[in-house]
Each structure stands twice: as C-alpha cells, then as structure tokens.
Amino acid sequence: GCGKTMLIRYLCAWMRAELLVLDVNGGTGAQDILDCFRRAVDACTAARDAARQAGDEPKSVYLFLDEINTCAEMGLITEVLTQRTLKGRSISPHLRLLAALNPYRKRVKKNL
C-alpha cells in the first residue's frame, strides 16, 4: 500500500487516541464487522467510564476500515458510514469512523 494505515496509526499515537483497525477483504463477513464494532463500542464505554472517574471529557475512539470496497458487505458498511447506525442502532458519538477504499480501475479488453 501507500501507507494509509501507518499514517493513521501515527496520528492516533500522536493524539494519544485509541485506534482499532479492520482490514477488510473478500472474506470479511457481516459477523467480522459486527465483532469489530462491538470491540469499538466496548472501548468507547471504557473511555467514557475512565473520563467520568477523572472528571474529564471522554476521548474519542477511532475505527479505521481499510479497503472497504473489497468485501460483499457494502450495505452494512454504507449504513455505518452514511447513517451512523449499525443494524438500525445509533453509534456512539465518541466513535470516529475512518475508511479507505481502492480506486476503481476500468479493465481494458485485450485483442486476441
């Protein structure tokens, strides 16, 4: 790749923000995505609880979905990114979503 994940890791480390990464591929299913969001929600809850104890504002948790256009679950990913819901339930405002996709390339027919 061109370093998208490494750049996001660096920025989150610099901001001292928690980062979760889901490397999406052709074998990524709905359950993989749901499991990743469950971990992200748990991280948001832990951040909120820690902030309450310290009397601070909760820190955001970042979730990076890499190569989203390579899996068959585009409906689920579209819902999450555009409506900020997952299976109809709202996503925490402290969960920041980042996504990357591969550019579309038109295939050229070769003369045989």
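**A pocket, a surface patch and two salt bridges**

Leu86 counts as buried, because its relative accessibility is 16% and buried means under 20% relative accessible area, whereas exposed means over 50% and partly exposed is in between (1.4 Å probe, protein chains only). The model is a predicted one, in which local features need pLDDT of at least 70 and side-chain atom pairs count only at pLDDT 80 or more, while totals for chains, interfaces and linings use all residues. Residues are numbered from 1 along each chain as its sequence is written, and side-chain values use heavy atoms, with hydrogens and water left out.

Leu86 is a good place to begin the tour. This residue belongs to strand E3 (residues 85–86); strands (E, at least two residues) and helices (H or I, at least four) are DSSP runs, numbered from the N terminus. Between the C-alpha atoms of Leu86 and Leu76 there are 7.3 Å, and the two residues are 10 residues apart along the chain.

On either side of strand E3 the backbone deserves a look. Arg84 sits in the loop between helix H3 (74–83) and E3, and its phi is near 55°, a positive value in a residue other than glycine. With a relative accessible area of 29%, Arg84 is partly exposed. Lys87, in the loop between E3 and E4, is not a glycine either, yet it has a positive phi of about 55°. Lys87 has a relative accessible area of 56%, so it is exposed.

Leu86 and Lys87 also help to line the largest pocket, together with Leu34, Phe37, Arg38, Val41, Arg89, Ser90, Ile91, Ser92 and Leu95. Two elements give two or more residues to this lining, namely helix H2 (30–54) and strand E4 (89–90). Helix H2 gives the most, with 4 residues. Sorted by class, the lining has 6 nonpolar, 2 polar and 3 charged residues; here Ala, Val, Leu, Ile, Met, Phe, Trp, Tyr, Cys and Pro count as nonpolar, Asp, Glu, Lys and Arg as charged, and the others, Gly among them, as polar. The space in the largest pocket comes to about 280 Å³. Rolling a probe the size of a water molecule over the atoms shows where empty space is left. On a 1 Å grid over the protein atoms alone, a pocket is an open set of points where a 1.4 Å probe fits, with protein on both sides within 12 Å along at least five of seven lines, and lining residues have an atom within 4 Å of a point. Grid points are joined across faces, edges and corners, and the volume is the space filled by probe spheres set on the points.

Arg38, one of the lining residues, takes part in a salt bridge with Asp35, with the closest N and O atoms 2.8 Å apart. A salt bridge is a side-chain nitrogen of Lys or Arg within 4 Å of a carboxyl oxygen of Asp or Glu. Asp35 and Arg38 are 3 residues apart in helix H2, so about one helical turn separates them. Both partners are partly exposed, Asp35 at 26% relative accessibility and Arg38 at 46%. The structure holds 2 salt bridges. Arg48 and Asp49 form one of them, and their closest N and O atoms are 3.3 Å apart. Here too the partners are partly exposed, with 33% relative accessibility for Arg48 and 36% for Asp49.

Elsewhere on the surface, Leu7, Tyr10, Leu11, Trp14 and Met15 make a nonpolar patch of about 590 Å². Patches are made of residues with over 30% relative accessible area and no salt bridge, and nonpolar side chains (Val, Leu, Ile, Met, Phe, Trp, Tyr) are joined within 5 Å. The accessible areas come from the Shrake-Rupley method with a 1.4 Å probe, and for residues only the protein chains shown count as cover. Leu7 has its place in helix H1 (residues 4–15).

A few distances help to place other parts of the chain. His94, in the loop between E4 and E5, is partly exposed at 26%. Its C-alpha atom is 9.9 Å from that of Ala40, a residue 54 residues apart from His94 along the chain. Leu98, in strand E5 (residues 95–99), is partly exposed at 29%. Leu98 and Arg16 are 82 residues apart in sequence, and their C-alpha atoms are 17 Å apart in space. Gln83, in helix H3, counts as exposed at 55% relative accessibility. The C-alpha atoms of Gln83 and Ile8 are separated by 23 Å, with their positions 75 residues apart along the chain.

How values were computed:
Patches are made of residues with over 30% relative accessible area and no salt bridge: like charges are joined within 9 Å, nonpolar side chains (Val, Leu, Ile, Met, Phe, Trp, Tyr) within 5 Å.
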